[in-house]
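Student: Could you walk me through how to read this model, one feature at a time? I'd like the general idea and then the case at hand.

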Amino acid sequence: MSDHEGDDHYGLLTELDTYGTALWLRWHGIETALLALPDCPVTGPGPDGEGCCLFAEHPEAHTWQHAPEVTSYAS
């Protein structure tokens, strides 16, 4: 995830058999929890908008908002 204001941190563990759901680890200091969370439904702008790779209602920005610019070097 991008830098964020909250104290909770999240890490993706695995996608689950249930479509649109993944297993996430949440931690704060030494406290941890396993969470089954639905995928974020938001996609980026444009006709081929990239999907967000985080969970629904995540804090801060969507993953595609922090994607590095791609520079084409084709002549």
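Student: Let's start with bridges. Which residue in E2 is the bridge partner of Leu12?

Tutor: Keep in mind that this is a predicted model. As a general idea, strands of a sheet pair through backbone hydrogen bonds, either parallel or antiparallel. Here, Leu12 has Trp24 in E2 as its bridge partner. Tyr10 is bridged to Arg26 in E2.

Student: How many bridges join E1 to E2?

Tutor: Six, and the two strands run antiparallel. E1 and E2 also make a hairpin with five residues between them. Look at Gly20 in that turn: its phi is positive, about 80 degrees.

Student: What does the sheet look like as a whole, and in what order do its strands come?

Tutor: It's an open sheet of three strands, ordered E1-E2-E3, with antiparallel pairing. E1 and E3 each have a single partner strand and stand at the edges, so one side of each has no neighbour in the sheet. On average, neighbouring strands are turned by 25 degrees against each other, ignoring direction.

Student: How many helices and strands are there in the chain?

Tutor: Zero helices and three strands. Going along the sequence, you read β-β-β.

Student: Next, aromatics. How many aromatic pairs does a search of the whole structure find?

Tutor: Two. To read a ring pair, check the distance between the centres and then the angle between the planes; planes over 60 degrees apart count as edge-to-face, under 30 as stacked, and the rest as tilted. For Tyr10 and Phe55, the ring centres are 4.6 Å apart and the planes sit at 45 degrees, so that pair is tilted.

Student: Where do Tyr10 and Phe55 lie in the chain?

Tutor: Tyr10 is in strand E1, residues 9–15, while Phe55 is in the segment after strand E3, which spans 31–38. The pair therefore ties together parts that are 45 residues apart in sequence. Tyr10 counts as buried at 17% relative accessibility, and Phe55 is buried too, at 5%.

Student: What kind of pair do Trp24 and Phe55 form?

Tutor: An edge-to-face one, 5.0 Å from centre to centre with 75 degrees between the planes. Trp24 belongs to strand E2 (residues 21–28) and Phe55 to the segment after E3, so this pair ties together parts 31 residues apart in sequence. Trp24 is buried, with a relative accessible area of 4%. Put together, Tyr10, Trp24 and Phe55 make one aromatic cluster.

Student: Now cysteines. How many disulfides does a search of the whole structure find?

Tutor: Zero. Cys40 is in no disulfide, and its nearest cysteine sulfur, that of Cys52, is 3.9 Å away. The general idea is that a disulfide is a covalent bond between the sulfur atoms of two cysteines. The cut-off applied is sulfur atoms within 2.5 Å, so a pair at 3.9 Å doesn't count.

Student: Are Cys40 and Cys52 buried or exposed?

Tutor: Cys40 is buried, with a relative accessible area of 9%. Cys52 likewise counts as buried at 9%. The cut-off for buried is under 20%.

Student: What does Thr21 touch beyond the residues up to four places away in sequence?

Tutor: Thr21 touches Glu15, Leu16, Ala36, Leu37, Pro38 and Asp39. Thr21 itself lies in strand E2 and is buried, at a relative accessible area of 15%.

Student: And Gly51, where is it found?

Tutor: Gly51 is in the segment after E3. At 31% relative accessibility, Gly51 counts as partly exposed. Outside its neighbours within four places, Gly51 is in contact with Val42, Thr43, Thr63 and Trp64. From C-alpha to C-alpha, Gly51 and Thr63 are 8.1 Å apart, with twelve residues of separation in sequence.

Student: Last one: what share of the chain is made up of buried residues?

Tutor: Of the 75 residues in the chain, 21% are buried. The accessible surface of the chain is about 5800 Å², and 52% of that belongs to carbon and sulfur atoms. As for contacts with a separation of 6 or more, residues 24 or more positions apart account for 15% of them.

How values were computed. Residues numbered from 1 in each chain as written. Predicted model: local features only at pLDDT ≥ 70, side-chain atom pairs only at ≥ 80, totals over all residues. Heavy atoms only, no water. Buried < 20%, exposed > 50% of the residue type's maximum accessible area, 1.4 Å probe, protein only. Phe/Tyr/Trp six-rings, centres within 6.5 Å; stacked < 30°, edge-to-face > 60°. Helix = DSSP H or I, 4+ residues; strand = E, 2+ residues; numbered from the N terminus. Contact = heavy atoms within 4.5 Å. Areas by Shrake-Rupley, 256 points an atom, 1.4 Å probe, with all protein chains shown as cover. Pairing = 2+ DSSP bridges. Axes fitted to C-alpha atoms, helices over the stretch in contact; angles between N-to-C directions.
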